[in-house]
Amino acid sequence: MMNAPELLLVHHLKTLRLPTFLREYDKQARICAAEGVDHVRYLARLSELELIDRERRMVEPRIKAAKPMSPSGWVWLPARKDCRSPS
């Protein structure tokens, strides 16, 4: 069972939309405590993980939405019927 401060922290992290902080804060706290890392480096690690995760979440949909290119590297676009050649 979580205590009140832990419940409040979970609530704040969800409200602030910091899913990586929420997922990693306890694990990173244990690692930092074992390594004797101070609170600033602990927060720096958490924020770095959050940034990496956000970047990954931004890039993945773009990769999925990208259209494959031809083997030569050129993207062939369909011709527009309303285009006229310059006279």
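Colleague: Let's start with Phe21: buried or exposed?
Modeller: Bear in mind that this is a predicted model, where local features need pLDDT of at least 70 and side-chain atom pairs count only at pLDDT 80 or more, while totals for chains, interfaces and linings use all residues. Residues are numbered from 1 along each chain as its sequence is written, and side-chain values use heavy atoms, with hydrogens and water left out. The cut-offs are under 20% relative accessible area for buried, over 50% for exposed and partly exposed in between, with a 1.4 Å probe and protein chains only. Phe21 has a relative accessible area of 16%, so it counts as buried.

Colleague: And which residues beyond its sequence neighbours is Phe21 in contact with?
Modeller: Phe21 sits in helix α2, residues 19-35 (helices are DSSP runs of H or I with at least four residues, strands are runs of E with at least two, both numbered from the N terminus). Contact here means heavy atoms within 4.5 Å. Leaving aside neighbours within four places in sequence, the partners of Phe21 are Leu13, Leu46, Ser47 and Glu50.

Colleague: Next door, which side chain makes a polar contact with the side chain of Thr20?
Modeller: Thr20 is also in helix α2, and it is buried, at a relative accessible area of 2%. Outside four places in sequence, Thr20 is in contact with Tyr25, Leu49, Glu50, Asp53 and Arg57. A polar contact is a pair of N or O atoms within 3.5 Å; within protein one must be able to donate a hydrogen and the other to accept it, and residues adjacent in sequence count only if both atoms are side-chain atoms. At 2.7 Å, the partner side chain is that of Asp53.

Colleague: Over on helix α3, which residues make the nonpolar surface patch of about 290 Å²?
Modeller: Patches take residues with over 30% relative accessible area and no salt bridge, joining like charges within 9 Å and nonpolar side chains (Val, Leu, Ile, Met, Phe, Trp, Tyr) within 5 Å; a salt bridge is a side-chain nitrogen of Lys or Arg within 4 Å of a carboxyl oxygen of Asp or Glu. Areas come from the Shrake-Rupley method with a 1.4 Å probe, and for residues only the protein chains shown count as cover. One member, Val59, lies in helix α3 (residues 39-65) and is partly exposed at 35%. The patch is made by Met58, Val59 and Ile63.

Colleague: Zooming out, how much of the chain counts as buried?
Modeller: The chain has three helices and zero strands, running α-α-α from the N terminus. Of its 87 residues, the buried share is 15%.
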